[in-house]
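Me: Please walk me through the fold and one helix pair, with the reasoning spelled out.

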Amino acid sequence: MLHYVLRFKDMTKRLWLLFVITTVGLISVGLFLRLPKMTSLTDEGTVYLAKREQIRPLQQLKGKRPFTEEEMKLLRQFAQDPDFRIRVRALSALSYTPDPKQREEAIQIAIKSLNDPWSSVRDRALRLLARQNAKEAVPYIIPLLKDPNEYVCERAKKTLEQLGY
């Protein structure tokens, strides 16, 4: 590469070309050093996308039929997933179940989710309890009126109103 630069007789062109080559080299090295970090993010993203694609059809059922035992097993597992986005999707799918037995289980899962560290999970659990008219969950909802997240407080208030309190 250096022999190409030396062909130019004009010193300004030589310096400019050296600058461009150096910059491209530094950028390449920088990208190479960041590659392992980018790969791990991609792996996490791939796992999320795979789980999302598993749960999406269950969300789209919206109560058209009860879940099969295999689907319920998957929803139970996803309701405890490390990724909060998957937990939210599991609660979303469970909120529409028309089956009385599955309804009771969905309510229990939602009650446990009211203590989740992620506000979006708590919010989705409250929505499930409202949709399933879970008056038995009122004692668990009341503490959320003082939740640190203002949106969760509002959702708790709205849920209690929908349940007739």
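**Helix α3 and its partner**

Reply: The chain has 8 helices and 0 strands. This is a predicted model.

Me: Which pattern does the chain follow along the sequence?
Reply: The chain contains 8 helices and 0 strands. Read in sequence order, the pattern is therefore one of helices throughout: α-α-α-α-α-α-α-α.

Me: What percentage of the contacts in the chain with a separation of 6 or more comes from residues 24 or more positions apart?
Reply: Burial first: of the 165 residues in the chain, 36% are buried. For contacts with a separation of 6 or more, the share from residues 24 or more positions apart is 55%.

Me: Where do the buried residues of α3 lie, on one face or all around?
Reply: Helix α3 covers residues 69–78, and its buried residues are Glu71, Met72, Leu74, Leu75 and Phe78. Viewed down the axis of α3, these fall within an arc of 160°, so they line one face. An α-helix has 3.6 residues a turn, so residues three or four places apart point the same way. The answer for the buried residues of α3 is one face of the helix.

Me: Which exposed residues does α3 carry on the face turned away from its buried side?
Reply: The buried side of α3 includes Met72 and Leu75. Turned away from that side are the exposed residues Glu69, Glu70, Lys73 and Gln77.

Me: Are α3 and α4 roughly parallel, roughly perpendicular or oblique?
Reply: Helix α4 spans residues 84–94, and its axis comes within 8 Å of that of α3. The two axes cross at roughly 140°, and the crossing is left-handed. Angles over 145 degrees would count as roughly antiparallel and 65 to 115 as roughly perpendicular. The angle between α3 and α4 therefore makes the pair oblique.

Me: How many residues of the contact of α3 with α4 are charged?
Reply: From α3, Met72, Leu75 and Phe78 meet Ile86, Arg87, Ala90, Ala93 and Leu94 of α4. These divide into 7 nonpolar and no polar residues, and the number charged is 1.

Me: Is Arg87 buried or exposed?
Reply: Arg87 lies in α4. Beyond four places away in sequence, Arg87 touches Phe78, Ala79, Gln80, Asp81, Pro82, Asp116, Trp118 and Val121. The cut-off for burial is under 20% relative accessible area. Since its relative accessibility is 8%, Arg87 counts as buried.

Me: What is the C-alpha to C-alpha distance between Arg87 and Arg124?
Reply: In sequence, Arg87 and Arg124 are 37 residues apart. In space, C-alpha to C-alpha, the distance is 9.1 Å.

Methods
Residues numbered from 1 in each chain as written. Predicted model: local features only at pLDDT ≥ 70, side-chain atom pairs only at ≥ 80, totals over all residues. Heavy atoms only, no water. Buried < 20%, exposed > 50% of the residue type's maximum accessible area, 1.4 Å probe, protein only. Helix = DSSP H or I, 4+ residues; strand = E, 2+ residues; numbered from the N terminus. Arc of directions from axis to C-beta. Axes fitted to C-alpha atoms, helices over the stretch in contact; angles between N-to-C directions. Parallel < 35°, antiparallel > 145°, perpendicular 65-115°, else oblique. Left-handed = near helix turned anticlockwise from the far one by under 90°. Contact = heavy atoms within 4.5 Å. Nonpolar A, V, L, I, M, F, W, Y, C, P; charged D, E, K, R; others polar.
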